[in-house]
Amino acid sequence: MITNRGNRELMRKAAKQTKFQDPVESLRIKCFARGASGILGLGRVFRIMDDDQNRTLDFNEFKKGITEYGLNLEPKEMKEMFSAFDKDGSGLIDFDEFLIALRPPMSKARKDVINEAFNKLDKTGDQQITVEDLRGVYNVKSHPKYQNGEMTEDQIFRKFLNTFEVGSNEIDGTITRDEFMNYYAGVSASIDNDAYFLLMMKSAYKL
């Protein structure tokens, strides 16, 4: 998890950026102005909106999702962003490709360690992390709120999972691989040094 200080620093850096090379970078920075879970939150909004589960977004869905997420964009800027993601000009954006493009560039080493952490937590190998997966993998015994009796083991597990439920009105208690990657893409953006990021991940998940 990112520290509060790291999250504040990411938000501060994002808020200071006003000039962008392209619409994709502009949307990415607007997400990061909401913290490390910004991209994850936007992804959750779009996932909830995808009623027919076709994993695509037309312009109206894109516009509605951006607005519901609370990003105030000019009509021209909205159209430029949509066009930037609609590379084939079909009038539709592939949902998964959209989120992948929105992630900041990460080195292979960073992606590998994020996937390694997910694989360790996903004990059942079903590509999602649940409370049951966390038992015996995520040790809460040293957690201060567990030690002082303020929270039970299950409550701490739920709190961990809820970090990845940002932007959702439907708390499902699961983390998909994409959600895990989207969250840590935000964390990665707040850390310039590869070695430090790898150390943080390995230490947090005892890899």
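# Asking how the labels are earned

Reader: Which residues is M201 in contact with, leaving aside its neighbours within four places in sequence?
Author: V113, I114, A117, Y184, K206 and L207. This is a predicted model, and contact here means heavy atoms within 4.5 Å.

Reader: What makes a group of residues here a nonpolar core, and which have the most contacts inside the largest one?
Author: To belong, residues such as Ile, Phe, Tyr or Met must be buried and joined through side-chain atoms within 4.5 Å. The largest such set has 30 residues, and I114, F180, Y184 and M201 have the most contacts inside it.

Reader: Which elements give two or more residues to this core?
Author: They are α7 (108-121), α8 (131-134), α10 (153-162), α11 (177-189) and α12 (194-205). With six residues, α11 gives the most. Another core lies apart from this one; it has 24 residues, including V45, L57, L71 and M78.

Reader: On to α12. How do you know that its span is close to what is expected?
Author: Take 1.5 Å times one less than the number of residues. For the 12 residues of α12 the expected span is 16 Å, and the first and last C-alpha are 17 Å apart, so the two are close.

Reader: Which residues of α12 are buried, and why do we say they line one face?
Author: F197, M200, M201 and Y205 are buried. Looking down the helix axis, the buried residues sit within an arc of 105°, so they line one face. In general, an α-helix has 3.6 residues a turn, so residues three or four places apart point the same way. A195, L199 and S203, on the other side of α12, are exposed. The buried residues pack against α7, α10 and α11.

Reader: What makes N193 a cap for α12?
Author: One of its side-chain oxygens lies 2.8 Å from the backbone nitrogen of A195, at the N-terminal end of the helix. The cut-off for a polar contact is 3.5 Å, so that distance falls within it. After α12 comes K206, with a positive phi, near 50°.

Reader: How many aromatic pairs are there, and why is F62 with F82 called edge-to-face?
Author: There are nine. The ring centres of F62 and F82 are 5.5 Å apart, within the 6.5 Å needed for a pair, and the planes meet at 65°, over the 60 degrees that edge-to-face needs, so the label fits. F62 is in helix α4 (residues 59-68) and F82 in helix α5 (residues 75-85), 20 residues apart.

Reader: How do you know whether F62 and F82 are buried or exposed?
Author: Buried means under 20% relative accessible area. F62 has 0%, so it counts as buried. F82 has 6%, so it is buried as well.

Reader: What makes F118 and F180 an edge-to-face pair, and how far apart in sequence are the parts they tie together?
Author: Their centres are 5.5 Å apart and their planes at 65°. F118 lies in helix α7 and F180 in helix α11, so the pair ties together parts 62 residues apart in sequence. Both rings belong to buried residues.

Reader: Which residues form one aromatic cluster with F62 and F82?
Author: F59, F85 and F98.

Conventions: Residues numbered from 1 in each chain as written. Predicted model: local features only at pLDDT ≥ 70, side-chain atom pairs only at ≥ 80, totals over all residues. Heavy atoms only, no water. Buried < 20%, exposed > 50% of the residue type's maximum accessible area, 1.4 Å probe, protein only. Helix = DSSP H or I, 4+ residues; strand = E, 2+ residues; numbered from the N terminus. Arc of directions from axis to C-beta. Polar contact = N/O pair within 3.5 Å; in protein donor to acceptor, adjacent residues only side chain to side chain. Phe/Tyr/Trp six-rings, centres within 6.5 Å; stacked < 30°, edge-to-face > 60°.
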